[in-house]
Amino acid sequence: MAEATLKIFRGTAERSEYQTFSVPTYQGMVVLDAVHDIQAGQAPDLAVRWNCKAGKCGSCGAEVNGNPRLLCMTRMDQYPAGQPIVVEPMRRFPLIRDLVCDVSWNYEVNKRIKPLAPKPREADGTYRMQQYDIDRVQEFHKCIECFLCQDVCHVMRDHGKYDFAGPRFMVRLAALAMHPLDTVDRLRDLRDAQGIGYCNITKCCTEVCPESISITDNAIIPLKERVAGEFYDPLAWIWRALRGKKADTRNPVH
Amino acid sequence: MSDTTTSYPARLDFLETQRQDNWWVAPLATGVGLFAFIVYATWGAFVGDHYQAGPYLSPFYSPLFLVDWWPLSPAFLILWVPGGFRFTCYYYRKAYYRAFVLSPPACSVGARPQRYNGERAILLFQNLHRYFLYPALALVVILWIDAIEAFFFSDGFGIGVGTIVLVINAYCLMSFTFGCNSLRHLVGGNVDCYSCVKFGQQRFKAWKVVTFFNKNHMRWAWISLFWVGFTDLYIRLVSMGVITDLRII
Ligand code: SF4
Ligand code: SF4
Ligand code: FES
Ligand code: FES
């Protein structure tokens with residue numbers, strides 16, 4: 001039976017090491033299977049977070065050969081035989097132990113986003129939307145909050161700019177901004193509190209998203225365009241002034 | 001079996017990575033491609049000669065402004081439009097931030113250490129992209145006119161290899177321009193509720209058309225970049241007499 005070698009990160013932020021394990025492989029095996037086999041036979045105290053093993057709960061994010069991935073959706077046979085597969089926790093977040101890190105920062109960022117505030121219901125007590133009103137937004141609701149995009153984004157990962165909310169929340173903000181019923185203006189927050197300007201649209205978030213959400217093209221760039229229209233486009237100011245729109249939220253370039 | 005490290009190096013050093021694939025190929029190829037084009041285009045614009053051959057006009061020089069007060073090559077009167085449009089294009093920004101600025105060189109590869117501000121400080125000027133879009137749209141029309149004019153030789157209607165080269169050039173630049181993210185915003189991206197605004201359905205349809213081109217914006221960026229350079233070179237070589245333009249009809 002063929003064997004695979006895994007080099008797995010073990011330990012805490014203070015003391016750590018890479019441990020190498022060999023496991024028999026079988027058809028259809030994913031990296032999470034290998035980690036479970038190691039847990040079952042060789043290292044019962046190996047910490048790994050997982051839940052659904054179906055790519056839907058978003059718990060099992062880690063870095064495999066340097067790339068942020070869901071362990072349960074990463075097939076072993078895509079890696080060259082004979083070379084160790086390196087498995088590490090997501091680097092962006094504080095480490096708890098082994099492959100598990102503390103992603104609670106994300107929940108704090110999320111709380112600071114103004115929630116949906118729908119416009120009043122119509123006379124018959126309902127809301128009405130057309131399918132083509134929500135076509136754009138549906139993609140964003142596929143997000144499983146695995147935070148792999150947050151992990152890979154160089155703004156936080158390499159430059160330590162934690163006043164950037166990160167791609168996952170750009171996705172949420174885009175869903176809110178393009179929601180046909182919503183009434184809240186979040187553009188100033190987007191620029192200031194969520195720091196959209198930090199993103200330099202280099203698309204690593206899009207590359208790692210296991211739900212294949214076009215984060216950069218469909219969420220971030222449209223939001224950047226809206227922020228540009230609000231704060232950095234003199235022609236748009238004039239246009240809005242002529243039409244008597246949104247004078248209260250207009251702001252000069254700073 | 002274990003190799004001991006003392007603490008977990010959460011942040012990677014410059015160019016450090018655990019990736020085992022050839023991650024450097026893409027930024028290197030991008031950098032070489034962009035550099036080669038910039039060198040050729042700058043030279044081609046400076047020369048100020050051999051930009052016309054029969055009914056063909058090089059796209060570097062179109063529309064052609066021949067004015068007395070301008071001391072340099074006429075190309076510079078027009079090249080700021082496609083130049084600025086591409087420089088501030090969201091795709092090209094990604095390309096050169098990765099290839100030249102190295103922030104980041106590739107995903108999960110350590111970025112170049114720097115005082116990183118993203119597009120918040122000096123790079124705020126990138127927001128001017130939409131202002132380059134407007135003349136770039138006019139340029140699409142002008143390049144189609146050039147392509148049509150390339151059918152009319154001194155001896156009447158005809159088709160030469162150059163005609164086909166110019167038609168392809170207009171098509172490529174149109175496909176690149178129609179996929180622009182600022183255009184996508186302008187035609188319908190800025191609407192929150194299509195069924196609530198005037199012409200909402202039409203705007204949604206327009207948005208879908210731009211989205212169709214936008215999906216391949218990177219591909220069109222490269223194809224059109226290569227082809228516009230090739231078009232100039234072709235017309236240049238015909239004009240210099242190095243090659244002869246084959247008449248098909
Ligand atoms: S595109 Fe923007 S948000 Fe996405 S990884 Fe790059 S810098 Fe971060
Ligand atoms: S946007 Fe994609 S990568 Fe980011 S948290 Fe959601 S599913 Fe994960
Ligand atoms: S275990 Fe649920 S996504 Fe991997
Ligand atoms: S985004 Fe590429 S041309 Fe506008």
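**Close-up views of a predicted two-chain model**

**View 1. The surroundings of ligand 1 in this predicted model.** Of the 15 residues around ligand 1, those that come nearest are A:Cys153, A:Pro167, A:Cys199, A:Cys204 and A:Cys205, where a residue is near a molecule if its C-beta atom, placed from the backbone, lies within 6 Å of it. The elements α5, α8 and α9 of chain A each give two or more residues to this shell, and α9(A) provides the largest share, three residues; helices (H or I, at least four residues) and strands (E, at least two) are DSSP runs numbered from the N terminus. Sorted by class, the shell around ligand 1 has ten nonpolar, four polar and one charged residues, with Ala, Val, Leu, Ile, Met, Phe, Trp, Tyr, Cys and Pro counted as nonpolar, Asp, Glu, Lys and Arg as charged, and the others, Gly among them, as polar.

Residues are numbered from 1 along each chain as its sequence is written, while chains are lettered from A and ligands numbered from 1 in the order in which they are written. Since the model is predicted, local features need pLDDT of at least 70 and side-chain atom pairs count only at pLDDT 80 or more, whereas totals for chains, interfaces and linings use all residues.

**View 2. The contact between chain A and chain B.** Chain A contributes 50 residues to this contact and chain B contributes 44 residues, two residues being in contact if their C-beta atoms, placed from the backbone, lie within 7 Å. On the side of chain A that touches chain B, at least two residues are supplied by each of several elements, among them β2 (16–24), α3 (131–138) and α9 (215–231). The largest share of that side, seven residues, comes from α9(A), and its classes are 21 nonpolar, 14 polar and 15 charged residues.

**View 3. The two domains of chain A.** Chain A is divided into domain 1 (3–101) and domain 2 (104–249), with bounds that come from an automatic or database domain assignment. Taken over C-alpha atoms, the centres of the two domains are separated by 32 Å. Their contact takes 14 residues from domain 1 of chain A and 13 residues from domain 2 of chain A, and on the domain 1 side the largest share, four residues, comes from β4(A).

**View 4. The elements of chain B.** Chain B has eight helices and five strands, which follow the pattern β-α-β-β-α-α-α-β-β-α-α-α-α when read along the sequence. The C-alpha atoms of chain B fill a box of roughly 80 × 55 × 40 Å, taken along the principal axes.
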